[in-house]
Amino acid sequence: MFNRRSLLGAASLAAVSKAALAAVPEPVIQTSPDTQAPHLPPNGRPYNPVVTLNGWTTPWRMNQGVKEFHLVAEPVVREMAPGFKARLWGYNGQSPGPTIEVVEGDRVRIFVTNRLPEPTSMHWHGQRLPNGMDGVSGLTQPAIPPGKTWVYEFVARRPGTFMYHPHADEMVQMAMGMMGLWITHPKARHPQIDEVDRDYAFLLNAYDIEPGSATPKIMTMLDFNLWSWNSRVFPGIAPLVARQGDRVRIRIGNLTMTNHPIHIHGHEFTVTGTDGGPVPRTARWPEVTTDVAVGQMRQIEFIADEEGDWAFHCHKSHHTMNAMGHGVPTMIGVDQSDLTEKIQQLLPDYMAMGSSGMHEMAHMHMPGPDNTAPMMTGDGPFGPIGMGGMFSVLKVRRGLKRGDYSDPGWFQHPAGTLAREVGDAPPAPQAPGTPAEPASADVQVRKPQGHHGH
Ligand SMILES: [Cu+2]
């Protein structure tokens, strides 16, 4: 799952000649959607690197004490889940672009090349910087025309979790996937920032891609059909792996058009920082869900002390599904048996669905048009998980090696710790006034209810 491609990139940068050093650094391009091994700083002050979920950190070039990066805005192909590729816009071969990791106090120079068919710019969300480096096209600079390279330079003044994204035709460019993470590590021990064993980061993003097509519909305002983390949807999102007892930080930024209540199973966390900086210790409280509003970053931290495979997901249930039509009537309790035959005379492939809920969808693996992410998918050790979208698994295992982020497989539950089927159960108490014979589903036949938008 990991490869060393980003390190190869670092080696090739180190080999450039003195003459080339004066020019724009060679951009390091990524083609794989797999989580890349943490990027160990080749020079400069050391830090514990972040792991970008299904992403990577870009190497830099040190040029007379300045860390130089090169981001190339360009069309990319992103595999959002196995078998489903989207035509997006991104940076250096992928969407999101590479994570930029620096240390508080670093002087940073970023070259931005525009290989898009329209002008763009780069905004450094959350940074303290000179106004003219803020990247708002029209306000602090002209937009960068296609084919041109611009340079930004400032000092990373405060530690924290930030983002970068265009501030030119944002509605289109962010709907197409143009965004990335920026991590500034503290230069020394910081009273409000704990050292952690594992430091994960991802961006929340959303796309509206018709089943069978590959390009997002950029005019969509609310009714997206792909809710993604780093432009991946479950089961394409990598697990978050932790050694039992590790202190884990997860940095989450939201560049979608709605809020996402991010929820973890089996543990409670505290929000230790936002894009405004560290949260003072006296202002933290325990949570198992935290809402990440649009344009916000949240850093959550916890001790991974419970072994197992713990679901970690957005708590909006429609955000843990992939491409689906939302104008579908509720069919629970509706007898469709005579309907199917009649409709099949017109549409031979028609299947009656939903009479007893939608769980059957998870078993069917229905063929959609080519290049469609299944709506509810992913197989676990006990059957179909029936999820999509913003869903992953926190895998806590004892005895992992420090720095081992590879997928340990499914959890082996100790004897006596699994929910199980039983034969005779004690009678369930009924609410007062409940009829002795509960109404069964087949006597509740009713007309389908229309359902439009939400
Ligand atoms: Cu959500």
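Two strands count as paired if DSSP finds at least two bridges between them. By that criterion, strand E13 and strand E24, the latter spanning residues 391-397, form a parallel pair with four bridges. The model described here is predicted. Its mean pLDDT is 85, and 81% of the residues reach 70 or more. The protein comprises five helices and 24 strands, and buried residues account for 39% of its 454 residues.

**Confidence and overall organisation**

- Residues 1-21 have a pLDDT that stays under 50, and the model gives this stretch 35 contacts beyond four places in sequence.
- The pLDDT is also below 50 over residues 450-454, a stretch with seven contacts beyond near neighbours in sequence.
- Of the contacts between residues at least 6 apart in sequence, 74% join residues that are at least 24 apart.

**The five-stranded sheet**

- Five strands form an open sheet in the order E13-E24-E21-E15-E19, and their pairing is mixed.
- Strand E13 (240-243) and strand E19 (289-292) each have a single partner strand, so one side of each is left without a neighbour in the sheet.
- On average, neighbouring strands of this sheet are turned by 20° against each other, direction ignored.
- Within the pairing of E13 and E24 over four bridges, Arg-243 has Arg-397 in E24 as its bridge partner.

**The four-stranded sheet**

- A further open sheet, of four strands, follows the order E5-E10-E9-E7 and likewise shows mixed pairing.
- Its edges are formed by strand E5 (100-103) and strand E7 (123-125), each of which pairs on one side only.
- The average turn between neighbouring strands of this sheet is 25°, direction ignored.
- E5 pairs with strand E10 (residues 180-185) in the parallel sense, over four bridges.
- Val-102 stands opposite Thr-184 of E10.

**The nonpolar core**

- The largest nonpolar core contains 85 residues.
- Those that touch the most other members are Ala-73, Met-163, Trp-182, Tyr-200, Leu-226 and Leu-394.
- Met-163 lends itself to a closer look: leaving aside residues up to four places away in sequence, Met-163 touches His-125, Gly-126, Met-179, Gly-180, Leu-181, Trp-182, Leu-203, Gly-253, Leu-255 and Met-297.
- One of these contacts, Trp-182, is itself among the core residues that touch the most other members.

**Cis peptide bonds**

- The peptide bond from Ser-95 to Pro-96 is cis, and its omega is near -5°.
- Pro-96 belongs to the loop between strand E4 (84-91) and E5, and E5 is an edge strand of the four-stranded sheet.
- Phe-234 and Pro-235 are also joined by a cis peptide bond, with omega about 10°.
- Pro-235 is placed in the loop between strand E12 (226-229) and E13, and E13 stands at an edge of the five-stranded sheet.

**Residues with positive phi**

- Asn-54 is not a glycine, yet its phi is positive, at about 50°.
- This residue lies in the loop between strand E1 (51-52) and strand E2 (61-63).
- Asn-54 counts as buried because it has 25 C-beta neighbours inside 10 Å, the cut-off being 20 or more.
- Asp-169, which is not a glycine either, has a positive phi of about 45°.
- The loop that holds Asp-169 runs between strand E9 (160-165) and helix H3 (170-175).
- Asp-169 has 19 other C-beta atoms within 10 Å and is therefore partly exposed.

**The surroundings of His-315**

- His-315 is located in the loop between strand E21 (308-314) and helix H4 (337-346).
- With 15 other C-beta atoms within 10 Å, His-315 is partly exposed.
- His-315 and His-260 are separated by 55 residues in sequence, while their C-alpha atoms are 7.2 Å apart in space.
- Not counting residues up to four places away in sequence, His-315 touches Pro-261, His-263 and Thr-289.
- Thr-289, one of these contacts, falls within strand E19 (289-292), an edge strand of the five-stranded sheet.

Definitions and conventions: Residues are numbered from 1 along each chain as its sequence is written. This is a predicted model: local features need pLDDT of at least 70, side-chain atom pairs count only at pLDDT 80 or more; totals for chains, interfaces and linings use all residues. pLDDT is the predictor's confidence in each residue, from 0 to 100. Two residues are in contact if their C-beta atoms, placed from the backbone, lie within 7 Å. Helices (H or I, at least four residues) and strands (E, at least two) are DSSP runs, numbered from the N terminus. Axes are lines fitted to C-alpha atoms, for helices over the stretch in contact, and angles run from 0 to 180 degrees between N-to-C directions. A nonpolar core is a set of buried Ala, Val, Leu, Ile, Met, Phe, Trp, Tyr and Cys residues joined through C-beta atoms within 7 Å. A residue is buried if 20 or more other C-beta atoms lie within 10 Å of its own, exposed if 12 or fewer, and partly exposed in between; C-beta atoms are placed from the backbone.
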